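This briefing goes through one protein model, beginning with its nonpolar cores and ending with single residues. Please keep the sequence and the structure at hand while reading.

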Amino acid sequence: MKRIFLFLLTNLAVMLVLGVVLSIIMSVLGLSHRSLGGILLIASVFGFGGSFISLFMSKWIAKKSTGAQVITQPRNETEHWLVQTVSAQAQKAGIKMPEVAIYDSPEMNAFATGPSKNNSLVAVSTGLLHNMSQDQAEAVLAHEVSHVANGDMVTLTLIQGVVNTFVIFAAKVLAGIVDNFLNGDEEEGGGSWSYFLFDMLFQVLFGVLASIVVASYSRKREFAADSGAAKLVGADKMRSALERLKQNHPSQLQGSMMAFGIASGKGMAELFSSHPPLDARIDALRK
């Protein structure tokens with residue numbers, strides 16, 4: 001419930017901010033919300049604006065939604081090892097030291113997030129620390145550090161912004177065409193029930209198709225992060241970690257945290273999965 005409430009509250013705040021910004025811009029430019037220029041502006045503001053606001057808030061959202069506790073002063077041997085390992089890997093990968101955190105979850109997982117390579121967070125679950133060997137955990141950390149070093153968070157945000165803009169623009173244009181066909185010029189303001197209904201339907205339809213594009217990119221970046229981890233700690237350690245993940249609990253991570261975690265939920269259709277099958281990732285490392 002805490003995650004759901006935080007998700008709804010955050011998105012409401014983002015929508016309100018973008019709505020105010022959009023109203024000001026459209027008023028200054030004198031654009032109509034039914035003109036192609038106005039629709040493109042609406043789509044761009046909400047498409048890219050929402051993605052980039054989420055990116056800049058990603059570390060705060062991740063900490064709040066998972067309850068991750070950042071290690072500011074290591075209190076035990078495990079925390080000392082975590083900080084030292086991430087520090088050494090970050091230096092080797094050529095990035096600034098990420099914040100290191102632990103969150104309470106039975107799943108063996110970890111994730112990376114943050115607005116840039118030099119302002120990031122790497123978090124691991126208690127389940128991973130309790131159920132993986134040190135070599136396996138080291139490989140998982142290297143996988144997350146590789147995500148950061150590869151700039152995957154920013155690139156995913158750009159891709160998400162592009163597809164969001166396309167979804168909103170195409171949905172509104174087609175909804176307008178359908179609305180004009182059904183009502184003619186009777187509803188000039190675009191406030192008819194049919195316009196809003198078809199706008200929502202088209203956004204859902206195009207949103208599903210767009211998620212396939214984003215998931216495909218995410219899967220490719222998983223292979224790249226595995227390869228990066230192999231360069232940092234060795235392919236054998238990374239393969240061992242992936243083999244261990246076959247006994248994992250279903251992932252509880254959501255959104256970008258799932259996209260940049262070490263493992264995703266099971267049972268999802270492959271087209272919509274943010275991660276490739278574990279066996280495919282293991283085979284890729286063997287090759």
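The largest nonpolar core has 36 residues, and those with the most contacts inside it are Leu82, Leu128, Met132, Leu141, Met238 and Leu242. A nonpolar core here is a set of buried Ala, Val, Leu, Ile, Met, Phe, Trp, Tyr and Cys residues joined through side-chain atoms within 4.5 Å. The model is predicted: local features need pLDDT of at least 70, side-chain atom pairs count only at pLDDT 80 or more, and totals for chains, interfaces and linings use all residues. Residues are numbered from 1 along each chain as its sequence is written, and side-chain values use heavy atoms, with hydrogens and water left out.

**Cores**

- Two or more residues of the largest core come from each of helix H4 (77-93), strand S2 (99-103), strand S3 (110-116), strand S4 (119-125), helix H6 (134-149), H8, H9 and H11.
- With eight residues, H6 gives the most to this core.
- A second, separate core has twelve residues, including Val167, Ala175, Phe206 and Ala210.
- In soluble globular proteins, nonpolar side chains tend to be buried together.
- Leucine 128 touches Glu107, Met108, Asn109, Ala110, Ala137 and Val140, not counting residues up to four places away in sequence; contact means heavy atoms within 4.5 Å.

**Whole protein**

- The protein has eleven helices and four strands, where helices (H or I, at least four residues) and strands (E, at least two) are DSSP runs numbered from the N terminus.
- Of its 287 residues, 46% count as buried; buried means under 20% relative accessible area, exposed over 50%, and partly exposed in between (1.4 Å probe, protein chains only).
- Among contacts in the protein with a separation of 6 or more, 69% are between residues 24 or more positions apart.
- The accessible surface comes to about 14400 Å², and carbon and sulfur atoms hold 63% of that; areas come from the Shrake-Rupley method with a 1.4 Å probe, and for residues only the protein chains shown count as cover.

**Helices H8 and H9**

- The axes of helix H8 (residues 193-233) and helix H9 (residues 235-244) come within 7 Å and cross at roughly 130°.
- That crossing makes H8 oblique to H9.
- On the H8 side the contact is made by Asp226, Ala229, Ala230 and Val233, and on the H9 side by Ala235, Lys237, Met238 and Leu242.
- By class, this contact has six nonpolar, no polar and two charged residues.
- Axes are lines fitted to C-alpha atoms, for helices over the stretch in contact, and angles run from 0 to 180 degrees between N-to-C directions.
- Angles under 35 degrees count as roughly parallel, over 145 as roughly antiparallel, 65 to 115 as roughly perpendicular and the rest as oblique.
- Ala, Val, Leu, Ile, Met, Phe, Trp, Tyr, Cys and Pro count as nonpolar, Asp, Glu, Lys and Arg as charged, and the others, Gly among them, as polar.

**Leucine 285**

- Leucine 285 lies in helix H11 (residues 278-286) and counts as buried because its relative accessibility is 14%.
- Beyond its neighbours within four places in sequence, leucine 285 is in contact with Asp226, Ala230, Met238, Arg239 and Leu242.
- Leucine 285 and aspartate 226 are 59 residues apart in sequence, with 7.5 Å from C-alpha to C-alpha.

**Isoleucine 95**

- Isoleucine 95 is in the loop between H4 and S2, and at 10% relative accessibility it counts as buried.
- Leaving aside neighbours within four places in sequence, isoleucine 95 contacts Ala90, Lys117, Asn118, Val145, Val148 and Ala149.
- The C-alpha atoms of isoleucine 95 and alanine 149 are separated by 6.3 Å, and the two residues are 54 apart along the chain.

**Leucine 158 and phenylalanine 56**

- Leucine 158, in helix H7 (residues 152-183), counts as partly exposed at 40% relative accessibility.
- Outside its neighbours within four places in sequence, leucine 158 is in contact with Phe48 and Phe52.
- Phenylalanine 56 is in helix H2 (residues 36-56) and counts as exposed at 61% relative accessibility.
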